[in-house]
Amino acid sequence: MEATGYNPRTVEEVFRDFKGRRAGLIKALTTDVEEFFQQCDPDKENLCLYGFPGEQWEVNLPAEEVPPELPEPALGINFARDGMQEKDWLSLVAVHSDAWLLAVSFYFGARFGFDKADRKRLFNMINDLPTVFEVVTGAAKKQQKEKSSISNHSSNKFKSNPKPRAETPGKYSRPQPQPKEEDDGLLGLLDEEDEDEHGETLCGACGDNYASDEFWICCDICEKWFHGKCVKITPARAEHIKQYKCPTCNNKRARP
């Protein structure tokens, strides 16, 4: 359980708290899903999934104090684990996790006297991020695809800086023809459009947007994109991967 006495007091501090807890919950339900599944043993007592400001997660018994210091997550998530399809169970936990995140954030807002403008600003900041449910189910990616209409999204396995490189294009960079001098202005415009397009892409692990200065990798199974750092894949290691499976797809197997 998290240490007592941690109380964000400004809108920005509460939002940072929200983002940290959200990132921890997304880890549990995506990259760490196998460990999360094992910890939610239906034979154990009522268990809750907690997300912490430091982007960590924990499956634990609910707080003993009544009333608790903070709002509590959904109780007994482990009991439903084997009674439904795994993806449906994870989606259910994700929905309850979203509700808990909002409850914690607006608990802080009420406790420290946020006025109408502060509450509205906090909600808008939160609302700009995909929900845990949207990230876990892939709905966030689908929504962004519909908005951006990226035509060659699935044809490139790895993302890196989209600007042309001096070396021969390989499977980590998008091959592009070398521009003529008179095409410099057009190239700059195309680069900006490319960044705008891919800026709508979301990491399947943390849910953050694509940035051209970061290494990304696409799962060949579910076609979700991930920050290399989120799935612990470096460009050098990726050179030797013929078919990449993200942690979720890699851990999928028939459940008893």
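Hi everyone. Let me begin with a definition: a salt bridge here is a side-chain nitrogen of Lys or Arg within 4 Å of a carboxyl oxygen of Asp or Glu. Please keep in mind that what you see above is a predicted model.

With that rule, the number of salt bridges is four. I'll walk you through some of them. Start with R21 and D17, whose side chains meet at 2.6 Å, N to O, so this pair satisfies the 4 Å cut-off. Where do R21 and D17 sit relative to each other? They are four residues apart in helix α1, which puts about one helical turn between them. Are they buried or exposed? Both R21 and D17 are buried.

While we're on α1, here is a little more about that helix. Of its 19 residues, 14 are buried, so α1 is mostly covered. Its length also checks out: at 1.5 Å a residue, 19 residues should span 27 Å, and the C-alpha atoms at the two ends of α1 are indeed 27 Å apart.

Helix α1 takes part in another salt bridge, too. R121 and E12 pair through their side chains, again at 2.6 Å, N to O. This one reaches across the sequence: R121 belongs to helix α4, residues 116-127, while E12 belongs to helix α1, residues 11-29, so the bridge ties together parts that are 109 residues apart in sequence. Both partners are partly exposed, R121 with a relative accessible area of 36% and E12 with 35%.

Then we have R81 and D82, joined by a salt bridge of 2.9 Å, N to O. The two partners sit in contrasting surroundings: R81 is buried, with a relative accessible area of 12%, whereas D82 is partly exposed, at 44%.

Now for the cysteines. How many disulfides does the structure hold? The answer is zero. Take C48: the nearest cysteine sulfur belongs to C40 and is 10.0 Å away. C48 itself is buried, with a relative accessible area of just 1%. C206 is worth a look as well. Why does C206 not form a bond with C203? The C203 sulfur is the closest cysteine sulfur to that of C206, but at 3.8 Å it is too far for a bond; the cut-off for a disulfide is 2.5 Å. C206 is buried too, with a relative accessible area of 16%.

C203 turns up again in our next topic, the cavities, as one of the residues lining the second largest cavity. The structure holds four cavities of 30 Å³ or more, and the second largest has a volume of about 70 Å³. Besides C203, its lining includes E134, V135, K141, L202, K224 and W225. Which elements give two or more residues to that lining? They are α5, residues 132-137, and α6, residues 139-148. By type, the lining has five nonpolar residues, two polar ones and three charged ones.

Let me finish with K242. You'll find K242 in the loop between α8, residues 235-238, and α9, residues 247-251. K242 is exposed, with a relative accessible area of 85%. If you'd like to find K242 on the model, use D220 as a landmark: the two are 22 residues apart in sequence, and their C-alpha atoms are 9.6 Å apart in space.

That's my tour. Thanks for listening!

Notes:
Residues are numbered from 1 along each chain as its sequence is written. This is a predicted model: local features need pLDDT of at least 70, side-chain atom pairs count only at pLDDT 80 or more; totals for chains, interfaces and linings use all residues. Side-chain values use heavy atoms; hydrogens and water are left out. Buried means under 20% relative accessible area, exposed over 50%, partly exposed in between (1.4 Å probe, protein chains only). On a 1 Å grid over the protein atoms alone, a cavity is a set of points where a 1.4 Å probe fits but cannot get out, and a pocket is an open set with protein on both sides within 12 Å along at least five of seven lines; lining residues have an atom within 4 Å of a point. Grid points are joined across faces, edges and corners, and a volume is the space filled by probe spheres set on the points. Ala, Val, Leu, Ile, Met, Phe, Trp, Tyr, Cys and Pro count as nonpolar, Asp, Glu, Lys and Arg as charged, and the others, Gly among them, as polar. The expected span of a helix is 1.5 Å times one less than its number of residues.
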